[in-house]
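Open the model in your viewer and keep the selection tool at hand. The stops below say what to select next and what is there.

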Protein chains: 2
Amino acid sequence: MAVSVLPQIKDAPAMNPVERLMAATADDMARVNELILDRAKSHVDMVPELARYLIDSGGKRLRPMLTVAAAQLFGKGNGSAINFAAAVEFMHNATLLHDDVVDESDMRRGKPAARMVWGNKASILVGDFLLGQAFMMMVETRDVDALGVLSTASAVMAEGEVFQLAKTGDLSTTAEDYAEVIRAKTAVLFEAACVVGAMSGGADEAGCKALSLYGLELGNAFQLVDDALDYGGQSGTLGKNVGDDLREGKMTLPVILALESATESEKAIIAAALGNVEATDLEVHQVVAIFNRYDTLKRTLEKAQAHAAAAIEALSSLPDSEMKTILADVVDHSVNRAA
Amino acid sequence: MAVSVLPQIKDAPAMNPVERLMAATADDMARVNELILDRAKSHVDMVPELARYLIDSGGKRLRPMLTVAAAQLFGKGNGSAINFAAAVEFMHNATLLHDDVVDESDMRRGKPAARMVWGNKASILVGDFLLGQAFMMMVETRDVDALGVLSTASAVMAEGEVFQLAKTGDLSTTAEDYAEVIRAKTAVLFEAACVVGAMSGGADEAGCKALSLYGLELGNAFQLVDDALDYGGQSGTLGKNVGDDLREGKMTLPVILALESATESEKAIIAAALGNVEATDLEVHQVVAIFNRYDTLKRTLEKAQAHAAAAIEALSSLPDSEMKTILADVVDHSVNRAA
């Protein structure tokens, strides 16, 4: 636990918004991280080995930070936020373990995916273990309403993943289908992370609603940016791992928008690369050229900006505070990753 | 929902104990089955298709029956037992979906495993969905203590599966390791099914303890019998699918006891077949011959009988009732499957 090297809040002007969020939540996150390490323990050696390989692999822990930040925003933290934050991170990591098996991903956060080290079987089962531990941590708070939020998120996320799987390589996928996929697989956990934080911070109904919408819209923006970044962002720059989604047949918005406008021969080029794990960089480049012809990466990022604006607007009814400013700035920072 | 063809309680003398349990729980189980069908619904077609393929495939629903039976035993059912029973069945089916992927099983309950029809990916994700729905049903009861029991069971089950995976083909696996595996992967869910039923039926602490022990010991006995049956039961009769556990490298008690006593050449025969998916029926037969030489199937079933006796003994402190007699008789019936 390298708390001492975290940025300090007094350095705020020099820090980007995520660093300011880290500084503002450092004390609570130290407790969250301790809980995470404690609950990843098991007498079965493979469980903590695999779990910590993933958990310690340098994710920003944005979701649990949002939980404790939301609790702090309302100021009446009752300790439950720590459990919810750790539970949210376990739910997220369980999803990553299962997603990497489903997507047959070789890499995660710049190193070999857990399934490449311990195998698919262990990844499935340790994912199940993390999910079980997440529910145990939630139950300890005895907050049934928050449990309802998180258990619903868990089911909706899985449903969203199945929907995405069913739509894999399906050229008839609509922008509405895509909106439903990203809401379910990504935005709902951001929403849950924020709202259970607000609940444990003592927010009233309006406060919970504001944080719920904030999380949902931030999550939508976040996934749209990720999906544009998979093709190199707005410029469609080619680089390492660019086009993974294309080769996996994922029907993300840049593809869907392109298919809406493309000529028959352009459609054929997209269809040939979509879901083709053997597609060459040249073929991916040809698809990105079609995207650029119809501005689909730019339009995807514009959609992300619209969701980002909605996330910030959701906070407008709340009293001004330093944490409110940080949460708003985090949204801008997240969407500007791909600029 | 073929409630009308279920055996009626008045035919009790002609029925075996599981049929008597079915008759005694028929009304509650009709509600459980309705809830199961309702909660397997989704706007994503693949979810209910896959879920119902498994759920409707003729399992006896022993676990949810135990939940409603335990609630009836204490007589003060408050409705939560229906939710818990459906949740327990969803947890069990989620485990089956993931286990079939982990074990690369082709068949389940006499028909192709779901993964052979919809693929591994859908099986993993629909398993996750069922687990999420299970937690949602539990949360609706607002019974935090029962939620604690079931969420703990969920984590322990996954941990047990990882332990079993880690021990696959490990000739140094001990009888104590095996006892831990079957407790975690099987007995804990039987225990949880019984105790949350007792809790929702208004049992006092002693009653909950009795049902907890009953479920745990029944689960242990059940798994020991299953593991003997995988080799054809006490006689070691060869038939369809006999030796699946051997070919998968599963270190079950018949193998562990044989390795304890075997000569070097016998050990070599066992080691050659263990975890060898290509092992012929002849090779499996040679291993079973070694089992018979050291009575390891018989000794496995004797151990099952000891757990069965402990399960029945656990009920002894409770007042006599028709349901208590049924629950005791179900134990005998379960262990005598392999006689």
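In which kind of crossing, left-handed or right-handed, does α7(A) pass α6(B)? Before selecting anything, note that this is a predicted model, in which local features need pLDDT of at least 70, side-chain atom pairs count only at pLDDT 80 or more, and totals for chains, interfaces and linings use all residues. Residues are numbered from 1 along each chain as its sequence is written, and chains are lettered from A and ligands numbered from 1 in the order in which they are written.

**Stop 1: two helices**

Select helix α7 of chain A, residues 144-166, and α6 of chain B, residues 114-140. Helices (H or I, at least four residues) and strands (E, at least two) are DSSP runs, numbered from the N terminus. The crossing of α7(A) past α6(B) is left-handed, a term that applies if the near helix is turned anticlockwise from the far one by less than a right angle. The two axes come within 8 Å and cross at roughly 160°; axes are lines fitted to C-alpha atoms, for helices over the stretch in contact, and angles run from 0 to 180 degrees between N-to-C directions. α7(A) and α6(B) are therefore roughly antiparallel to each other (the term covers angles over 145 degrees).

Now show the residues where they meet: among them are A:Leu147, A:Ser151 and A:Ala155 in α7(A), and B:Leu125, B:Phe129 and B:Gly132 in α6(B). Contact here means that C-beta atoms, placed from the backbone, lie within 7 Å. The residues of this helix contact divide into 13 nonpolar, six polar and four charged. Ala, Val, Leu, Ile, Met, Phe, Trp, Tyr, Cys and Pro count as nonpolar, Asp, Glu, Lys and Arg as charged, and the others, Gly among them, as polar.

**Stop 2: the whole contact**

Widen the selection to the contact between the chains, with 35 residues from chain B and 35 residues from chain A. On chain B, α3 (46-55), α5 (80-102), α6 (114-140) and α7 (144-166) each supply at least two residues. α7(B) gives the most to this side, with 14 residues. By class, the side of chain B has 22 nonpolar, eight polar and five charged residues.

**Stop 3: one residue in a strand**

Select B:Pro112, in strand β2 (residues 111-112) of chain B. Is B:Pro112 buried or exposed? B:Pro112 counts as exposed because 12 C-beta neighbours lie inside 10 Å (exposed means 12 or fewer other C-beta atoms within 10 Å). Leaving out residues up to four places away in sequence, B:Pro112 touches B:Asp106, B:Met107 and B:Val117.

Methods
Contact = placed C-beta atoms within 7 Å. Parallel < 35°, antiparallel > 145°, perpendicular 65-115°, else oblique. Buried ≥ 20, exposed ≤ 12 C-beta atoms within 10 Å, placed from the backbone.
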